[in-house]
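Visitor: Please show me the model, and then I will ask what lies behind the terms used for it.

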Amino acid sequence: MRTEQAVTVARGDYLPYPYAIPSIALEFDLDPARTRVLSRLSIERQPGVPADTPLALKGEDLALVSVAVDGSPIAEGGYTISDGVLRLTGLPAACEVEIVSDCRPAENSTLMGLYVSGASLFTQCEAEGFRRITWFADRPDVMSRYRVTLRGTRADYPLLLSNGNLVDAGDLPDGRHQAVWEDPHPKPCYLFALVAGNLTCRELRTRTRSGRDVLLQVYSDPGSESQTEWALASLERSLRWDEDRFGLELDLDRFMVVAARDFNMGAMENKGLNIFNAAYVLADPDTATDANYLAIEAVIGHEYFHNWTGNRVTCRDWFQLSLKEGLTVFRDQEFTADMMARGQDAAAAASARAVKRIDDVATLRAAQFPEDAGPMAHPIRPESYQEIGNFYTATVYEKGAEVIRMQHTLLGEAGFRAGMDEYFRRHDGQAVTCDDFVDAMESVYRDLHPGRDLSVFRRWYQQAGTPRVSVTLDHDAAAQRCTVTLSQRNPAVGVEKQDASAQEKPPLHIPFALGLLDPQGRALPLTLDGKTQETVLLELTTASAQWTFENIPAQPIPSLLRDFSAPVIVDYPWTDAALALLSAHDGNPFARWEAGQELATRQILANAARHQAGEPLAADPTLVDAWRATLRDPKLDAAYRARALMLPSEKTLAERMQPIDPPALAAARDFLRAELGRQLAQDWRAAYQDNQTEGAFSPAPGPAGRRALKNLSLAYLMAGDAAANQALAETQYRGAANMTDRMGALSALVNEGSGDAVGQAIADFHTRWQHDPLVIDKWFALQATARGTDVAAARALMAHPAFTLRNPNRARALVFQFCLNNARGLHAADGAGYDFWAEQVLALDALNPEVAARLARAMDNWARYAPALRTGMQAALGRVRAHAGLSRNVAEIVAKALDI
Ligand code: TRP
Ligand code: ZN
C-alpha cells in the first residue's frame with residue numbers, strides 16, 4: 001500500500017451534479033466472500049448541461065463486471081476508470097445505466113460499505129461508504145428513489161432488510177430466498193442500508209397523531225431479546241416527543257432499529273432502518289449502568305429525530321454536516337431534558353434540566369474546547385477537509401448544538417418552533433445549507449425584533465475557536481446603580497494563526513444570561529427593555545457593550561452565563577468568597593454548579609503549581625465548607641448533588657493550565673479528592689446510607705440520581721481512607737443488584753483498594769460476564785483507566801484472549817481509554833506511553849482508518865504540554881507520519897498536528 005494522495009476539498013468549490021438520478025434499482029446476491037451488486041440507474045442530464053459532460057460515478061474497492069446503457073453493453077473502451085471515478089461519455093439526455101460489480105464483505109475490516117459482523121451482513125454508507133457498494137454519485141445532493149432486491153441463503157440469512165416497505169418476498173432455488181424493498185422517499189445514498197442475518201425482534205404497534213398505524217421494531221442477536229425493552233420503549237417515547245414538541249410525525253409504516261456488534265460510531269439514521277452500535281441498544285439491569293440507559297435513550301432519540309432533521313431535509317454537501325448534526329444533537333438534548341423533568345414540579349424540573357445541561361457542558365468543555373484550541377480547530381461549518389470522516393467532530397456535533405441552542409435562546413421556544421416550521425415549509429425534500437436554516441430562523445427573528453437580524457450571528461458558522469468574554473462590574477453606591485461591561489475576544493486558533501492578517505476575528509453575536517445577587521445571596525430584580533426579571537439576556541454583538549441596572553444598593557455578586565447561554569469562556573476576577581456564596585445561593589442551578597466547579601478548579605490549579613514546585617499541597621477550608629454545605633442541603637436532589645460534588649475532569653482542568661502537566665494535575669486533583677473524602681467522611685457515610693435504592697431496578701432519574709450520589713460517596717470515602725472503607729466497597733460489590741452499583745464498587749476497589757480482594761473482584765467480574773461483550777468492554781475500560789495501569793499493564797490486558805483490535809468497541813474500551821483517559825499512563829516519563837500510542841495507531845490504521853484517525857487525535861495538543869512531554873509527543877507523531885501506506889484519514893490528522 002502507498003500513502004494516498006492528499007486532496008483538499010474546499011467549501012467554495014461546490015458545483016451542482018450535472019445529472020439527476022431519480023431512481024435506482026439494486027439487486028444483491030449476498031455472499032460474505034463475494035457479493036454481486038447489480039445497479040440500474042435512471043439518468044437525466046440537467047437542463048443546460050453540455051451533452052459531452054461525462055457521468056462521473058465513484059467506486060472504491062469494487063471489481064467492475066459490466067456496464068450497459070439502455071440495455072446495450074459498453075465495451076471497455078467506452079468508459080474510463082481513474083482515481084476511483086468511472087466516467088461515461090456521450091450518453092443520451094435520458095437513459096438507463098446498468099452496472100454490475102463485486103465487493104468482498106468478509107475482507108472489509110473498515111466497517112464502511114458492506115461488511116460482516118458476527119454472522120450477519122450490515123452496511124454503513126455515511127459519509128462516503130456507498131461507493132464501496134456500487135459505482136454511484138456518492139454525494140448527499142443526489143437524491144433517488146430506491147428499489148432493493150436482496151437474495152441470499154435462507155439458512156444463513158433468514159432476515160433480509162432494507163429501507164422502506166417490504167413489497168415482495170419469496171423462495172428461490174438452492175435454499176435461497178429473496179426480499180424486495182421499496183423506499184417511497186427519495187434519499188441521498190448515504191442513507192441507504194441493508195441488513196441480512198439471523199436476528200430476533202421485539203416490536204410494538206402504535207398510532208401516530210394523525211391516526212396512522214406504524215410498526216416499531218428492534219432487532220438484535222439471538223439471545224439478547226431480553227435486552228431490547230428499553231430501546232424499544234425509548235423509540236416510542238422519541239416518536240411521541242417529536243410529535244408533541246415539533247409537530248413532526250413518522251412518515252413511514254415501519255421503523256426498524258438493528259444492533260450491530262461491530263460498528264465505527266454510535267449509530268446511523270438510515271431511512272427507516274437505523275443501524276446501531278449494540279452498546280446503544282442492549283440493556284438490562286444486570287449488564288447496563290444508569291449512564292448506559294441514558295445514552296441509549298439519547299441515541300435512539302438522536303437517530304429517530306434525524307428522520308426529519310437530516311433525512312427529510314438533508315445536506316447539500318458535507319460542509320453542511322452541522323445542519324443535520326448540530327440540530328439533531330440539540331433536539332436529542334432537549335428530548336432527554338424533557339424526559340428527565342417529566343412529571344415534576346417547577347423547582348424539581350429546573351434541577352433536572354440543569355443536570356442534563358451540566359452533563360452536556362462538561363462534555364463540551366472536555367472534548368470540544370481542546371479541539372477548538374488545537375491543530376484541528378474548525379468552524380462548525382468547515383472550510384476545507386481532506387477526509388470528511390475526520391470531521392464528525394465534537395465541534396460539528398456539540399458546538400453545532402450550542403449554536404442551535406443560542407438561536408433557540410434568542411428566539412424563545414415559540415419563536416424557535418415557528419422557525420423550524422418555516423424551515424420545513426421551505427425545504428422539505430431538499431438538500432440544503434446551514435445558511436438556509438439560519439434564513440428560516442432569521443425570518444422569525446426579524447418579526448420578533450424589527451430592525452435587527454442574524455448577520456453577526458452567522459459568524460458562528462464561519463469562525464473557529466472559543467470566544468473569551470470578560471466581565472466588569474462598576475457599582476455606584478450613591479446612585480445605587482450597577483453597570484455591567486461585556487467585552488469579547490476572538491483570537492486566531494489552529495490554522496488561522498498561519499494567516500497573519502487574521503490574528504483577531506470580528507465579534508460574534510453572544511446571548512449572555514446574567515443575574516445579580518445581593519451580598520446575602522438573594523436575587524436582585526433586573527430591568528431590561530422594560531421587563532423586570534431575575535435573569536436578563538444581554539445580546540453582545542460588538543467587541544464591547546455596557547448595560548446599567550438601577551436599584552442596586554450594594555456591590556452585587558454576578559451570576560454569569562446562566563445555563564451556559566453561549567459556548568464561550570468567561571473571565572471575571574472572582575474571589576473565593578463570591579464563588580462560595582454563589583455555590584450556596586445562586587437561584588440558577590446551572591450557575592450554582594459552575595461556581596463550585598470554579599472554586600475547585602482554582603484550588604486544583606494552585607495545588608498543581610505547588611506540586612511542580614515541590615511544595616506541600618493544601619486544601620482551603622472555603623472549598624471544604626462549600627462541599628459540605630452542598631452535600632447537606634436537603635433541598636437539592638441527589639442527581640444534582642452528585643454533579644455538584646464531582647471535581648472537574650482532568651481534561652477540563654488541562655484547558656486551564658499552561659503548559660499542561662497532566663501528572664501534576666492528577667496529583668493535585670487526587671489530593672483534593674482525598675482531603676474532601678477524609679474531612680467530610682461522616683457526611684459521605686450519611687449520604688451513602690441515605691441514598692440506597694431498594695426494590696425493583698428503575699433507570700428513572702430519581703433512583704439513578706441516588707445511585708450516582710451513593711457511588712460518588714463511596715469513591716470519596718475510599719479516596720479519603722481506603723483501609724477503613726474497603727469492606728464497604730467489597731460488600732457492595734458482592735451484594736450489588738444492578739450494574740451501576742457493581743461497577744461503582746469495582747471502580748472504588750480497583751482504583752483505591754489493596755490486597756487480594758481487588759484481584760478477586762476483577763476475576764469474579766470477568767467470570768460472571770465473559771459471555772457478554774458489552775460488559776467485558778466495561779471490564780477492560782475500567783482497568784485501562786485505573787490509577788495503577790501503566791503501559792506494561794495495558795499491554796498485559798491486550799494479551800488477554802478476549803482482546804481484539806478488529807472490534808471497535810473493544811479497541812475503544814482498552815486502547816482508546818488508556819490513550820485518552822489515563823493521563824498518568826500515557827504521559828509516563830520514559831515515553832513508553834507515546835510509543836504505545838504510535839504502535840496502536842499504525843496497527844489500527846491497517847484495519848480501520850476511521851477508527852485509527854480518532855486514536856491519532858490523542859496527540860492533537862502536544863504543543864501545549866510541558867517541554868519534557870512535548871518533545872516525546874512530537875517525536876511519536878513524526879514516526880506515525882513517516883510510516884509508508886498511511887490512510888488518508890490518519891495522514892490528515894498527524895500532518896495537521898505537526899504543521900501548526
Ligand atoms: N450520522 C450518524 C449520527 O450522527 C453518525 C455517523 C456518521 C456514522 N458517519 C458514520 C456512524 C460512520 C457510523 C459510521 O447519528
Ligand atoms: Zn447524528
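Guide: In this predicted model, helix 2 contributes the most to the shell around ligand 1, with 3 residues.

Visitor: Which elements each supply at least two residues of that shell?

Guide: Strand 20 (267–268), helix 2 (290–306) and helix 3 (321–341) do so. In total, 15 residues surround ligand 1. The closest are Glu 126, Glu 269, Glu 303, Glu 325 and Tyr 397. Sorted by class, the shell holds 6 nonpolar, 4 polar and 5 charged residues.

Visitor: What makes the pair between Glu 126 and a nitrogen atom of ligand 1 a polar contact?

Guide: The cut-off is 3.5 Å between N or O atoms. A nitrogen atom of ligand 1 is 2.5 Å from an N or O atom in the side chain of Glu 126, so the pair meets that definition. For Glu 269, a polar side-chain atom lies 2.8 Å from a nitrogen atom of the ligand. With Glu 325, an oxygen atom of ligand 1 is 3.0 Å from a side-chain N or O atom. The protein covers 97% of the 360 Å² of accessible area that ligand 1 has on its own.

Visitor: Why are helix 9 and helix 12 called oblique to each other?

Guide: Two packed helices are described by the angle and the distance between their axes. Helix 9 (residues 621–632) and helix 12 (residues 662–679) pack at about 60°, with their axes 11 Å apart. Angles under 35 degrees count as roughly parallel, and 65 to 115 as roughly perpendicular. The angle of about 60° fits neither class, and the two helices are therefore oblique.

Visitor: What is the handedness of the crossing of helix 9 and helix 12?

Guide: Their crossing is right-handed.

Technical notes:
Residues are numbered from 1 along each chain as its sequence is written. Chains are lettered from A and ligands numbered from 1 in the order in which they are written. This is a predicted model: local features need pLDDT of at least 70, side-chain atom pairs count only at pLDDT 80 or more; totals for chains, interfaces and linings use all residues. Side-chain values use heavy atoms; hydrogens and water are left out. A residue is near a molecule or strand if one of its heavy atoms lies within 4 Å of it. A polar contact is a pair of N or O atoms within 3.5 Å; within protein, one must be able to donate a hydrogen and the other to accept it, and residues adjacent in sequence count only if both atoms are side-chain atoms. Accessible areas come from the Shrake-Rupley method with a 1.4 Å probe; for residues, only the protein chains shown count as cover. Helices (H or I, at least four residues) and strands (E, at least two) are DSSP runs, numbered from the N terminus. Ala, Val, Leu, Ile, Met, Phe, Trp, Tyr, Cys and Pro count as nonpolar, Asp, Glu, Lys and Arg as charged, and the others, Gly among them, as polar. Axes are lines fitted to C-alpha atoms, for helices over the stretch in contact, and angles run from 0 to 180 degrees between N-to-C directions. Angles under 35 degrees count as roughly parallel, over 145 as roughly antiparallel, 65 to 115 as roughly perpendicular and the rest as oblique. A crossing is left-handed if the near helix is turned anticlockwise from the far one by less than a right angle, and right-handed if clockwise.
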